[in-house]
Amino acid sequence: MGTLLNGIDDGVRAFIQAQRMFFVGTAPLAAGGHVNLSPKGLDTFRILGPTKVAYLDHVGSGTETIAHLRENGRIVLMWCALEGPPKILR
């Protein structure tokens with residue numbers, strides 16, 4: 001079972017900043033809609049506070065991420081340790 005955090009502490013901040021890439025996932029409300037999962041990187045992520053972040057979204061194959069956010073406001077950001085001890089943060 002994972003650990004639920006109330007915000008980004010120094011340890012989480014260090015982990016996020018050490019990763020070269022992260023993933024953004026969104027989905028529409030409609031059951032027949034498409035789930036969108038995209039890798040991101042290029043130093044585009046910023047931590048603005050313990051519960052506030054921002055990233056620059058380089059449009060790739062479409063604009064599904066923003067369409068889903070406008071529809072329902074739901075988004076998942078995920079980091080995976082690709083080096084060192086295994087760790088996943090969502």
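Two strands count as paired when DSSP finds at least two bridges between them. Keep that in mind as you work through this predicted model.

**Exercise 1. Work out which elements the protein has and in what order they come.**

Solution. Start with the count: the secondary structure comes to two helices and six strands. Then walk along the sequence, and you get the pattern α-β-β-β-β-α-β-β.

**Exercise 2. Find out how β1 pairs with β2, and place both strands in their sheet.**

Solution. Step one: β1 covers residues 22–26, and five bridges link it to β2 in the antiparallel sense. The cut-off for pairing is at least two bridges. For a landmark, look at Gly25, which sits opposite Leu37 in β2.

Step two: zoom out to the open sheet, where four strands run in the order β2-β1-β5-β6 with antiparallel pairing. Now, which strands stand at the edges? They are β2 (36–40) and β6 (88–89); each has a single partner strand, so one side of each is left without a neighbour in the sheet.

Step three: add the helix. α2, residues 64–72, packs on this sheet and touches β1 and β2, with its direction at about 50° to that of β1.

**Exercise 3. Sort the residues of helix α1 into a buried side and an exposed face.**

Solution. First pick out the buried residues of α1 (residues 10–18): Val12, Phe15 and Ile16. They span an arc of only 95° around the axis, which puts them on the same side of the helix. It helps to recall that an α-helix has 3.6 residues a turn, so residues three or four places apart point the same way.

Next, ask what covers that buried side: the cover includes β3 (45–49), β5 (76–80) and β6. Turn to the face pointing away from it and you meet the exposed residues Asp10, Gln17 and Ala18.

Finish at the N-terminal end of α1, which Asp9 caps: one of its side-chain oxygens lies 3.1 Å from the backbone nitrogen of Gly11.

**Exercise 4. Decide whether Thr26 is buried or exposed, and find its surroundings.**

Solution. Locate Thr26 in strand β1. Its relative accessible area is 4%, and buried means under 20%, so Thr26 is buried.

Now check the side chain: a polar contact of 2.7 Å joins it to the side chain of His68. Leaving aside neighbours within four places in sequence, the contacts of Thr26 include Val35, Asn36, Glu64, Leu69 and Ile75.

For the protein as a whole, buried residues make up 28% of the 90 residues.

Terms used:
Residues are numbered from 1 along each chain as its sequence is written. This is a predicted model: local features need pLDDT of at least 70, side-chain atom pairs count only at pLDDT 80 or more; totals for chains, interfaces and linings use all residues. Side-chain values use heavy atoms; hydrogens and water are left out. Contact means heavy atoms within 4.5 Å. Axes are lines fitted to C-alpha atoms, for helices over the stretch in contact, and angles run from 0 to 180 degrees between N-to-C directions. Buried means under 20% relative accessible area, exposed over 50%, partly exposed in between (1.4 Å probe, protein chains only). The arc is that of the directions from the helix axis to the C-beta atoms. A polar contact is a pair of N or O atoms within 3.5 Å; within protein, one must be able to donate a hydrogen and the other to accept it, and residues adjacent in sequence count only if both atoms are side-chain atoms.
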